[in-house]
Amino acid sequence: METNRIHPGDKIQVMIYNPEGKKIDTYDGSEFHTVGDAVRAAFESSNQNSEDIRDYVFRVFNVTESTSHRYRVNDHGNVKLIVE
């Protein structure tokens, strides 16, 4: 299974955590082709979108498949899995 692969029909929930580890927002959506698409949509819809996306951690929960992984955005703008 690819951790950066979701299907457009999947229901996705993205939880955004600030640099201190506090959950600050939750975003629900679908029709995403990649985890990166979901992360960026969640961040753009949050009140934090004037901040640096690289400072935040994103838990992407695929409701359809009941899977969840944490991600960060690196200096190159790529979404990277946080190994737990």
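**Figure 1. Asn62 and Thr67 face each other where β3 meets β4.** In this predicted model, Asn62 stands opposite Thr67 of strand β4. The strands β3 and β4 run antiparallel and are joined by 5 bridges. Together β3 and β4 make a hairpin, with 4 residues between the two strands. In the turn of this hairpin, Ser66 has a positive phi of about 55°.

**Figure 2. The hairpin of β1 and β2 has 5 residues between its strands.** Strand β1 covers residues 12-17 and strand β2 covers residues 23-29. These two strands run antiparallel, with 6 bridges joining them. Tyr17 of the pair stands opposite Lys23 in β2. Gly21, in the hairpin, takes a positive phi near 90°.

**Figure 3. Strand β1 also pairs with strand β3.** Strand β3 is made of residues 57-62. The pairing of β1 and β3 is antiparallel and has 6 bridges. Gln13 has Phe61 as its bridge partner in β3. For Tyr17, the bridge partner in β3 is Val57. Tyr17 therefore appears in two views: opposite Lys23 in β2, and bridged to Val57 in β3. In a regular strand, side chains alternate between the two faces of the sheet.

**Figure 4. Helix α1 packs against the strands through its buried residues.** Helix α1 runs over residues 35-45. Its buried residues are Val35, Gly36, Ala38, Val39, Ala41, Ala42 and Phe43. Which strands do the buried residues of α1 pack against? They pack against β1, β2, β3, β4 (67-73) and β5 (79-82).

**Figure 5. The whole chain contains 1 helix and 5 strands.** Along the sequence, these elements follow the pattern β-β-α-β-β-β. The radius of gyration is 12 Å, close to the 12 Å that the globule rule gives for 84 residues, so the chain is as compact as a globular protein of that length. The C-alpha trace spans about 30 × 25 × 20 Å along its principal axes. Of the 84 residues, 32% count as buried. Among contacts between residues at least 6 apart in sequence, 46% join residues at least 24 apart.

**Figure 6. The surface and charges of the chain.** The chain exposes about 5100 Å², and carbon and sulfur atoms supply 43% of this area. The chain has 10 positive and 14 negative charges. The mean positions of the two sets of charges are 4 Å apart.

Notes: Residues numbered from 1 in each chain as written. Predicted model: local features only at pLDDT ≥ 70, side-chain atom pairs only at ≥ 80, totals over all residues. Heavy atoms only, no water. Pairing = 2+ DSSP bridges. Rg over C-alpha atoms; globule rule 2.2 N^0.38 Å. Buried < 20%, exposed > 50% of the residue type's maximum accessible area, 1.4 Å probe, protein only. Contact = heavy atoms within 4.5 Å. Areas by Shrake-Rupley, 256 points an atom, 1.4 Å probe, with all protein chains shown as cover. Lys, Arg positive; Asp, Glu negative; His and termini not counted. Charge placed at Lys NZ, Arg CZ, Asp CG, Glu CD.
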